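Work through the exercises below with the model open beside the text, and try each task before reading its solution.

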Amino acid sequence: MIEVLKVLKNEFDSLKIPYYFDNWDTELELPFFVGELSEIPTSYEDGKREFSFTLTGEDINSYTNLFNYNEIIRNEYKDVKKIKTDKGVIAISYDNVITIPVDAESVKRIQINITIYWWEV
């Protein structure tokens, strides 16, 4: 799972996405995104592992920046992107985006859903 997180960090850095993994307590500049990774129980015979990755973004007063970042991510992963590593192959696929209601009227939040497959060697 660490390998998947490393690849995601490198990918988001190269796309200039302000991203943190599972770190809501840090003082951050807006907009920012926090990622959460869940392994999906699978029984693929080829050893493939599947993960669900949610990228939650927040900004103040407008969805514009958030949806601009979503477009960058969607364009990069709408066709499955395969990345070869020393430990196997990781495939990243964009699923969808949803808006998340927040009690504070000025806070805007979206969630980008991504599916990841990993063939470990």
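**Exercise 1.** Does Asn113 count as buried or exposed, and why?

*Solution.* The model is a predicted one, in which local features need pLDDT of at least 70, side-chain atom pairs count only at pLDDT 80 or more, and totals for chains, interfaces and linings use all residues. Residues are numbered from 1 along each chain as its sequence is written, and side-chain values use heavy atoms, with hydrogens and water left out. Buried means under 20% relative accessible area, exposed over 50%, and partly exposed in between, with a 1.4 Å probe and protein chains only. Asn113 counts as buried because its relative accessibility is 14%.

**Exercise 2.** Locate Asn113 and list what it touches.

*Solution.* Begin with strand E6 (residues 107-120), where Asn113 is found; strands (E, at least two residues) and helices (H or I, at least four) are DSSP runs numbered from the N terminus. Next, leaving aside residues up to four places away in sequence, Asn113 touches Phe53, Thr54, Tyr94, Asp95 and Asn96, where contact means heavy atoms within 4.5 Å.

**Exercise 3.** Place strand E6 in its sheet.

*Solution.* The sheet is open, has six strands with mixed pairing, and follows the order E1-E2-E3-E6-E5-E4. Strand E1 (19-21) and strand E4 (81-85) stand at the edges with a single partner strand each, so one side of each has no neighbour in the sheet. Strand E5 (residues 88-99) pairs with E6 in the antiparallel sense over 11 bridges, pairing requiring at least two DSSP bridges between two strands. Within this region, Ser93 has Thr115 of E6 as its bridge partner.
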